[in-house]
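Please open the structure in your viewer and keep the selection tool at hand. At each stop you will be told what to select and what to look for once it is highlighted.

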Amino acid sequence: MRVVTDNLGFLLGGLLVTLELTVLGFVGALLLGTVLAVFRVSPIAPLRWVGAVYVEVLRNMPLLTLLILVVFGLPDVGLTFSLFTSAAACMAAFAAAFVCEAVRGGINTVPVGQAEAARSLGFTFTQSLRYVILPPAFRTMVQPLVNIFIGVVLGSSLASAVGVSELTNRTQVLNLQSAEAVGLFLVSGAIYLVIALLGGAAGGALERRVSGGRLR
Amino acid sequence: MVRSQRWRVRVGAILATTAALVLTGCADQGSAPPPPVPGQADTSGYDQVIAGSPVADAAAIPAGSWADTIKQRGRLIRGGTDQGALFSLKDPATGKVTGFDAGLAAMLAHYITGKTDADAVELVATTVDTRETLIQNKTVDAVFATYTITEPRAQKVAFAGPYYESGTSIMVKKDNTAINSVNDLAGRNVATEANSTAVLALQQFAPQANVLLFQDDASCVAALQQGRADAYVLDEAILLSDASTNPVFKLVGQPFTKEPYGIGLPLDDPAAKQFVNDWLQKIYADGSWAKLWKETVGTVVSGDAPTPPTLGSVAGS
């Protein structure tokens, strides 16, 4: 595996791009997805519709399709972003649909009586979300969010198809030089595995902390 | 209930509108002219070249040999692509794969089995990431896939040939006067196919270029057209084909590399390589090779067919 050791810097540079895509994509998805989930449980019907349409469109489209539409479609209508920005935005937009459903699912696990109680005590919609519904809801969201995180890590490899020089893309370049496809993809596969495992471990730790020992 | 049904209808309408918008977006993509599809045109000339190519004597195929396995099976299992303009492209209407590589595979199948029908060659899709492995584990008999002979590859598989000498060239938009040779690529955004040896050529000849790797020719063309890339670097024949269908592009300078293409074969079977080289020598000598070139690459490159490269003339072949 000389090709790996000789090109360690090149591969690690690709790993950095993968991590950047993952972090931007996941954090962006958390923010956008939470807003969308609030839309979907809000008392205002048009907001609920916006949330529902967003989720159904983005969740039911392959990420690769979205990447190609944004990278090669938007320039045709005069909007050209860098390849990295386009890919990060696609990852965030795509994962946000799943985050929205995970957050909404968490909110729905809180008995409706608690929301009614909060309202009868004079809490506003925002206050009842912030102080009554979201804290217990968050516990049940952790594992679904870990799944989404792993989806974002692995999905970032699709950015290689639209020219982003991340880990998979650089693995392909090294294979051209060395014809060591199996070995190289084992290495890059192991790297993705480690990132996903670390994400899962962090999620497990977080879950134990927020559940306060009530974890089964 | 009524409310929720109406709601559903409305969502359906919105989804349909979005789908329509997405589809029109795709249609706009099509404004870049499609690559020429040899199969859509009349392929009778191409078919005649294959039917007129030589057939091996029974004595040339010893029992139990690589060629005999193919003969007994009645078809050649070819590793390659069906998405390579000029070299191996599938006509979606007929399902027929034609091009220079596809034609050579058909000729080799004809040489061994005597058959020219569509079943004589079975195409197994290979990519740059899988070619060596699929030859090594005998999933395919031979790979015809604009397969540049390189020394690292030659340690894994045997190469018959070279059967074609190509070169990496540069295509830019017509109004671009800043890029005239490979030396002008430094600091520029340069698109190429992720699975081509042009990537290596760029590393060697234009290490300062910012290389953008896309999956296929169409993506690279779109990137150049939309200004994401200042130049598109790839095999000259493929660029000529793109430029011939898209008048906003031009090729600049002469090819800056030599890319000898070989036929990938199992490394542990020297008799197979000898057999394929003997066959190449026959189709060089009787003009089948030149006729096939004329029907495929020759449709975008002007002039007579070049002299075929000398067998074994490249390190690794």
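The tour below goes from a whole chain to its domains, then to a helix, a sheet, the contact between chains and a few single residues.

**Chain B as a whole**

Begin by selecting chain B, and keep in mind throughout that you are looking at a predicted model. Chain B contains eleven helices and 13 strands, and of its 317 residues 45% are buried. If you consider the contacts in chain B with a separation of 6 or more, 73% of them are between residues 24 or more positions apart.

**The two domains of chain B**

Next, colour residues 38-165 together with 260-299 of chain B, which the domain assignment gives as domain 1, and then use another colour for residues 168-252, which it gives as domain 2. The centres of these two domains of chain B, taken over C-alpha atoms, are separated by 28 Å. Where the domains meet, eight residues from domain 1 of chain B and eight residues from domain 2 of chain B take part in the contact. On the domain 1 side of that contact in chain B, the residues divide into four nonpolar, four polar and no charged.

**Helix α7 of chain B**

Now select residues 198-205 of chain B, which form helix α7, and highlight Ala198(B), Val199(B), Ala201(B) and Leu202(B), which are buried. Because these residues cover an arc of only 160° around the axis, they are on the same side of α7(B). In general, an α-helix has 3.6 residues a turn, so residues three or four places apart point the same way. What do the buried residues of α7(B) pack against? In chain B their partners are β8 (168-173), β9 (189-193), β10 (210-214) and β11 (231-235), and α8 of chain A is a partner together with these strands.

**The contact between the chains**

Since α8 of chain A has just appeared as a partner of α7(B), show both chains and select the residues where they touch. The contact takes 25 residues from chain A and 30 residues from chain B. On the chain A side, the elements that give two or more residues are α3 (45-59), α4 (63-73), α8 (167-178) and α9 (181-211) of chain A, and α8(A) gives the most, with seven residues. The residues on this side of chain A divide into 15 nonpolar, eight polar and two charged.

**A three-stranded sheet in chain B**

Return to chain B and select strands β2, β3 and β4, which form an open sheet in the order β2-β3-β4 with antiparallel pairing. The edge strands are β2 (83-84) and β4 (97-98) of chain B, each of which pairs on one side only. Strand β3 (residues 88-90) of chain B is joined to β4(B) by two bridges, and here you can find Leu89(B) opposite Thr98(B).

**Three backbone details**

For the last stops, show the backbone and look at single residues.

- Select Ala179(A), which is in the loop between α8 and α9 of chain A and has a phi near 55°, a positive value in a residue other than glycine. Is Ala179(A) buried or exposed? Ala179(A) is buried, because 22 other C-beta atoms are within 10 Å.
- Select Lys138(B), in the loop between α5 (131-136) and β6 (142-143) of chain B, where phi is positive at about 65° although the residue is not a glycine. Lys138(B) counts as partly exposed, because it has 13 C-beta neighbours inside 10 Å.
- Finally, select Gly161(B) and Pro162(B), whose connecting peptide bond is cis, with omega near 5°; Pro162(B) lies in strand β7 (residues 157-166) of chain B.

Methods. Residues are numbered from 1 along each chain as its sequence is written. Chains are lettered from A and ligands numbered from 1 in the order in which they are written. This is a predicted model: local features need pLDDT of at least 70, side-chain atom pairs count only at pLDDT 80 or more; totals for chains, interfaces and linings use all residues. Two residues are in contact if their C-beta atoms, placed from the backbone, lie within 7 Å. Helices (H or I, at least four residues) and strands (E, at least two) are DSSP runs, numbered from the N terminus. Ala, Val, Leu, Ile, Met, Phe, Trp, Tyr, Cys and Pro count as nonpolar, Asp, Glu, Lys and Arg as charged, and the others, Gly among them, as polar. A residue is buried if 20 or more other C-beta atoms lie within 10 Å of its own, exposed if 12 or fewer, and partly exposed in between; C-beta atoms are placed from the backbone. Domain bounds come from an automatic or database domain assignment. The arc is that of the directions from the helix axis to the C-beta atoms. Two strands pair if DSSP finds at least two bridges between them.
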